[in-house]
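Please consider the structure shown below, with attention to the way its strands and helices are arranged. The paragraphs that follow lead through it region by region.

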Amino acid sequence: MSTSEVLDQLRSQILSGYTLLVLKTWEEERWQRAVAELAAEIDRDLVVWTATAGAQPALGSGNEGNGAAAHSPLEFLARIADYPPDRLFLLKDFHPYWSRPEIVRKLRDLVPRLAEEHKTLLVLGPSDEIPLELRKEAVAVELPLPGLQELQEELSSVLSEQAALRGTPLDVDPGTEEKLLKAVLGLTEREARKALVRALSGRDEIDEDVFGQLVSEKRRMVQGSDLLEFYDLEEGVDEVGGLDGLKDWLRQRSEAFTERAREQGIPAPRGAMLLGVQGCGKSLTARATARLLSFPLVRLDVSRLLSGDQGASERNMRDVLRLMETIAPAVLWLDEIEKGFAGATDAGQNATMKRLIGQFLTWMEERRAAVFVIATANAIAELPPELLRRGRFDELFFVDLPNYHERRQIFEIHLRKRGWKPEKYDLEELASITEGFSGAEIEQIVIAAMIDSYGKGHLLSQEDLKHAREDSVPLSVTMEEKIFELREWARPRCRPATYDSRVMQMLEEEERQGEAIDEAGEERPDDREWAALAEHGQLSAAVVEYVRRRDRVTFPELQEAFAEFLETTGDIGLALKTDPNIVLWLGLSPEFSETLSKLISGKRLYVHRTDVSRYQSNGRTLRLAPIEELPEGRLKRPAWLPTCLRDLPPEEGSGPFARVTRMKLSKP
């Protein structure tokens, strides 16, 4: 759930008379601010208690703020009854006192009176454990980490600070900004800010190293786990020789993780199974995928899940999957999966392994977190059939031995990687004489030739590479029958990771035609993309796209633009939740107002103040008295605050503009 959704849930629970809510989070400051804003929305005062500062504000003799602070938890609970009705009490780090019987008894005594006086206790801390005696009265709520929208405000703040230090701002386009935010998603607000400051300090541009550094901040999240292994993002797709079909597929799927794809209802990709010959780049591709997505790469060794204790293996699997969803977005890599799940296909022989595979497959089917699963396998005999069913993975790829063009590219990559200029060698000849060699075997040819030439006291030569090839026997010779069997199985069942020559020619021709169109200056996708989205029923995505392209859009402008697709006028108004008398606009239809409300509350669009002249110039104003600034207190009668919508948050933060409410009002 998002922050906005959880706040709506808390709001509903408090107004419904819930008396004890246990809020689990590590982000004390962020959620205290959120609870304070929520208290203002529902017109309730907030009292904060800690063991060090006591109750703030304290309860005095008829005057809050002048009395003793009540540092003792039992003393504070005794004073709650003396506070006036309609109060929220935020108790920080109260969970250590659950073990004291007198505390639990006092809470049980308080419950009936709390309900009568509309008071709610909010226990805030890193634990959601509830004493047995209170489990029928208390409700545990796990508070989410900041989402993209909350982190965007932190990124904007960090970029502003860095621009002030350097004198010039960093050039960050929307796509790069989203990748930066996705890289720190899963961190707390404070952790994300520190990571962004560390990665962006002293940089004149944002390159791949920035994303790698940000992703590495999540390493500590798997520290202490013996079940998962964290990998740094070192290899990219350019270091994978050949496999153009697979690489193009991965690039397309990477676009499906963007917010624009989510706005259009595109589901997040699930993952891919890479089946093929050993040493042909499957594991390298898995590592390169994480860098392409700028997601952390975590490897799971299934054999580590197994334990001799009853139920421990299944518990290990649950812990791993829960941790992956916490780290998300992330890439989960299962290397040589057929060995990890060995025994799952033996009827009645390994019940534990069967339960593990069932648990994992259920998670793959139902997970909602952005966890992209890359599984590699060298054989298919021991793979459970249900693992290969469509819906578990998006695609099954077969990675075969490299062809001539791929072998040439692999030689070029490994020579350049080790500091040798590929143009100094006859790569065509080397590619011709290494037919049947895998990518790993070609790498070993280069390494062996380098060692031999160094031992002989001369530079690496073409002859050294040819001699190293002659001394090597490829796996395709020693295991010819098994490779043939694997190819025959994969041919009708898997998608080839390498384009055949005819497909390559077609793609090259399309690329040349595309370049010719660009040079001729023909029009690219026009400004009516938002209209096409609206026409096809993607209203939310269309509104976001319209605001993104035009920027600073007023409500009547939106009504006019979308009038051809749905009814936009009606008797619904939008106002601030913190003060419903501060009206943003009136005269919206129920459907259109609901769409705008969700986009604003979900922080996909942001409310900004604007000058009333923008409305006056179009002849679309309200009869309510306009105000230029937010008042300090609540208004006694409705007033109009002229605002516009943007896809960027205000520099000072959204504050009360982050949450709006719909109301049925007649036009003044």
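In this predicted model, T569 stands opposite L588 of strand β15. The strands concerned are β14, residues 569-576, and β15, residues 582-588; they run antiparallel and are joined by four bridges. Both belong to an open sheet of four strands with mixed pairing, ordered β17-β15-β14-β19. Its edges are formed by β17 (639-640) and β19 (660-664), each of which pairs on one side only.

Two helices pack on this sheet. Helix α25 (residues 555-562) touches β14 and β15, and its direction makes about 20 degrees with that of β15. Helix α26 (residues 590-601) touches β14, β15 and β19, and the angle between its direction and that of β19 is about 165 degrees.

Helix α21, residues 480-490, can be read by its two faces. I483, L486, W489 and A490 are buried in this helix. They lie on the same side of α21 because the arc that they cover around the axis is only 125 degrees. An α-helix has 3.6 residues a turn, so residues three or four places apart point the same way. The buried residues of α21 pack against β8 (271-276), β12 (395-399) and α20 (475-478). On the face turned away from the buried side are the exposed residues E481, F484 and E485.

A charged residue in another helix deserves attention. E406 lies in helix α16, which spans residues 404-417. E406 is buried yet has no salt bridge. The nearest side chain of opposite charge is that of R407, 7.2 Å away, whereas a salt bridge requires the charged atoms to be within 4 Å. Leaving aside residues up to four places away in sequence, E406 touches G242, L243, L401 and T498.

Technical notes. Residues numbered from 1 in each chain as written. Predicted model: local features only at pLDDT ≥ 70, side-chain atom pairs only at ≥ 80, totals over all residues. Heavy atoms only, no water. Pairing = 2+ DSSP bridges. Contact = heavy atoms within 4.5 Å. Axes fitted to C-alpha atoms, helices over the stretch in contact; angles between N-to-C directions. Buried < 20%, exposed > 50% of the residue type's maximum accessible area, 1.4 Å probe, protein only. Lys, Arg positive; Asp, Glu negative; His and termini not counted. Arc of directions from axis to C-beta.
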